[in-house]
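Student: I've got a new model open on my screen and I'd like to learn how to read it. Can we go through it piece by piece?

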Number of protein chains: 2
Amino acid sequence: MRTIRVETERAYDVFVGAGALALAVDHAQGRQKRAVLADETAWKLHGNGLNFGPQCPLLLLPPGEPAKETAVLHRCWEFLAASELTRDALLVAFGGGAALDVAGLSAALYMRGIDWIAVPTTLLAQVDAAIGGKTALNLRQGKNLVGAFHQPVGVYADPHCLTTLRTSDFRSGLGEVLKCALLGSMGLMELLESHAGALVARELELTGKVVAACASLKARLVAADPLDRGARRELNLGHTFAHAIEHVAGPGCVPHGLAVSVGLILALALAEEADILRDATLTERTRRLATSLDLPTSITQLAQLAGKPLPPEEILRAMDLDKKTLADGLRFVLPRELGQVERDAAVAPRRVLRVLQAACR
Amino acid sequence: MRTIRVETERAYDVFVGAGALALAVDHAQGRQKRAVLADETAWKLHGNGLNFGPQCPLLLLPPGEPAKETAVLHRCWEFLAASELTRDALLVAFGGGAALDVAGLSAALYMRGIDWIAVPTTLLAQVDAAIGGKTALNLRQGKNLVGAFHQPVGVYADPHCLTTLRTSDFRSGLGEVLKCALLGSMGLMELLESHAGALVARELELTGKVVAACASLKARLVAADPLDRGARRELNLGHTFAHAIEHVAGPGCVPHGLAVSVGLILALALAEEADILRDATLTERTRRLATSLDLPTSITQLAQLAGKPLPPEEILRAMDLDKKTLADGLRFVLPRELGQVERDAAVAPRRVLRVLQAACR
């Protein structure tokens, strides 16, 4: 079992490895009052056998992204109130990033904040969503437009849960892993380059090692910047593009991590265009690694996947509402070299459009 | 104009006096992007002439307590997104406690938190709700069961707004004023005792003085305890009873401040019953002041107002779900003497019931 400490105001641990599910159960049983909010699919596959305590109330959430709606959040609140949870209760959030987002948000707001633990069951959630306390909902106008910061009191990532993921969901998680490699040290990048095949095959020990490396990177950035005002923005690398692409494609049409993979390639291209990228080999190296991880590298590939065109002009327009945008222009996180980014690069919209157009060819 | 500083992590000022509305307008015009969320009634009476900036988007909220619903919160979010508000925007919350609660909560969560200013237009909101960053929604299961802490960046309380309040709404605010007198120094108590008539007549200079005294008390407690974990709980004096009574009466049937007035008398009675009250004259003194402020002092009076019985057993049951309750029993804020409370008194339910029964006779 690997343990990674997240040094926020109230520090907590991320446990990565076989047996993490059992540790989560132990944590919950230590509380007098508790309840579970779980993604329906994840619970059927991995939750049924777990005993989170006698008569522990359970609410199943719609699988995936549709959980991130106001109506579902409201249902969570009514469930917590009907379960008579008090301020000292513990909420267990079980599932992928979407389930953790809505469950974490309901914990943030129920009685103005109760404790919660995250049990991420997808690669995306284990390397990213479960750590750092960012919770969110989607609006018609865009993804994650509503949310709160509410750190969990523990994260339990068991690589066994990943064995049942659909290939497309596992691949989606690899998009965030690729981002971590670009943000992190040479170590993770080289590990991925030399073991891409074994990772795609979900070899357990390697998967745990990769998840732990990503979690460590995230823990470091979250500790440096719990409210996402500085260092932590690095984690948005590729995401301004990704969110805009997902918005144009429509809800659920493009897996998040696949959009991130293309977003990373676009960020590298924009960094070149804006003379920010110092290491000229990084774009090609990233493109090669993405391909060996079976990840897309162009908007055209995503358009095929979505079964509809993704016009550059529409993507640019969607970026305008993204919350990383400030009133005075378009802002991006852009790579300088491996392990280093420019966090707040202002780029003229016409240059962004040029890069988007090139990626559609 | 009186100015009271609230020393939270990010300090802000409460302006009390004639001309505060104009100061709020100045504050908003200093921002590039802004929007107004306003109680419909309050806006018609006091907002129409105000110019919060060219083409400043405005959403009117249902008057009073019905605004504190998930559906209204969702409408606020969609309005902010449709108005293309960015993270650096300012939200103006305009109206009574309910409007400020839902508007403040929408600011707390939109893009994980944007700045907001509060323009309280009721006495209740000026002395209590507008200061301290507590925002909330109601659920079927109880009042304020959902919410967040999100301090405003300024509060603008103009006593002129109070001249148009319905008598019942002004009286409701006096319930919270009475609470402040019990919590505060001898000064406010004596001011009220010697000028009760002028306050009920809403004499402007006196009203401003009273609002400022209450705001100072609240500012001090909020600064000592921004997240409501210690000192600030004093402000819940009378509220465990009040919330339970309001819940049993049904939404909107009993004005909050009137329930608080009775809650204060009940808290004094329970403090006597539990041998916590040291000053034996305080109960009678408070009862007399309440009466001269035209406030109710018994559950029977509230039941007449609600037009339905308010059985002690049901009130006790409703207290069980109140968020001031912990898993291990019923907890209360109880007065020791003028200006001093016991913050976390555990009292056996049968003693609480006895006090409730006595107040129904």
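Student: Let's take two helices that cross: in which hand does α10(A) pass α14(A)?

Tutor: A crossing is left-handed if the near helix is turned anticlockwise from the far one by less than a right angle, and right-handed if clockwise. Here α10(A) passes α14(A) in a right-handed crossing. Helices (H or I, at least four residues) and strands (E, at least two) are DSSP runs, numbered from the N terminus. This is a predicted model, where local features need pLDDT of at least 70, side-chain atom pairs count only at pLDDT 80 or more, and totals for chains, interfaces and linings use all residues. Residues are numbered from 1 along each chain as its sequence is written, chains are lettered from A and ligands numbered from 1 in the order in which they are written, and side-chain values use heavy atoms, with hydrogens and water left out.

Student: At what angle do α10 and α14 of chain A cross?

Tutor: Axes are lines fitted to C-alpha atoms, for helices over the stretch in contact, and angles run from 0 to 180 degrees between N-to-C directions. The axes of α10 (residues 256-273) and α14 (residues 349-358) of chain A cross at roughly 130° and come within 10 Å. Angles under 35 degrees count as roughly parallel, over 145 as roughly antiparallel, 65 to 115 as roughly perpendicular and the rest as oblique. So α10(A) and α14(A) are oblique to each other.

Student: Which residues make that contact?

Tutor: Contact means heavy atoms within 4.5 Å. From α10(A) come Leu266(A), Ala269(A), Leu270(A) and Glu273(A), while α14(A) brings Arg351(A), Val352(A), Arg354(A), Val355(A) and Leu356(A). To sort them, count Ala, Val, Leu, Ile, Met, Phe, Trp, Tyr, Cys and Pro as nonpolar, Asp, Glu, Lys and Arg as charged, and the others, Gly among them, as polar. For α10(A) with α14(A), that gives six nonpolar, no polar and three charged residues.

Student: Can I try another pair? How do α6(A) and α8(A) pack?

Tutor: In chain A, α6 (residues 167-183) and α8 (residues 204-224) have axes 10 Å apart and pack at an angle of about 60°. That angle makes α6(A) oblique to α8(A). Their crossing is left-handed. Val177(A), Cys180(A) and Leu183(A) of α6(A) meet Val210(A), Cys214(A) and Leu217(A) of α8(A). The contact of α6(A) with α8(A) has six nonpolar residues, no polar and no charged ones.

Student: Now the strands. In what order do they sit in the sheet of chain A?

Tutor: Two strands pair if DSSP finds at least two bridges between them. The open sheet of seven strands in chain A reads β1-β2-β9-β6-β5-β3-β4, with mixed pairing. Its edges are β1 (2-6) and β4 (58-61) of chain A, each with a single partner strand, so one side of each has no neighbour in the sheet. On average, neighbouring strands are turned by 15° against each other, direction ignored.

Student: What does mixed pairing look like up close?

Tutor: Compare two pairs. β1(A) and β2(A) run antiparallel and are joined by five bridges, with a hairpin of five residues linking β1(A) to β2(A). Arg2(A), for one, has Val16(A) as its bridge partner in β2(A). By contrast, β2 (residues 12-16) and β9 (residues 154-157) of chain A pair in the parallel sense over three bridges. There, Val14(A) has Val155(A) as its bridge partner in β9(A). As for helices on this sheet, α8(A) packs there too, touching β1 and β2 of chain A, and its direction makes about 10° with that of β1(A).

Student: And how is chain B related to chain A?

Tutor: Copies are superposed by least squares on the C-alpha atoms of residues with pLDDT of at least 70 in both. A turn of 180° and a shift of 0.0 Å along the axis lay chain B on chain A with an RMSD of 0.0 Å. That is the relation of a two-fold axis. Within chain B, Thr70(B) comes closest to the rotation axis, at 3.9 Å (C-alpha). The same surface serves both copies, since 100% of the contact residues of chain B recur in chain A.

Student: Which residues do the two α3 helices bring to their contact?

Tutor: α3 (residues 70-82) of chain A and α3 (residues 70-82) of chain B pack at an angle of about 145°, with axes 11 Å apart. Thr70(A), Leu73(A), His74(A) and Trp77(A) of α3(A) join Thr70(B), Leu73(B), His74(B) and Trp77(B) of α3(B) in the contact. By class, there are four nonpolar, four polar and no charged residues.
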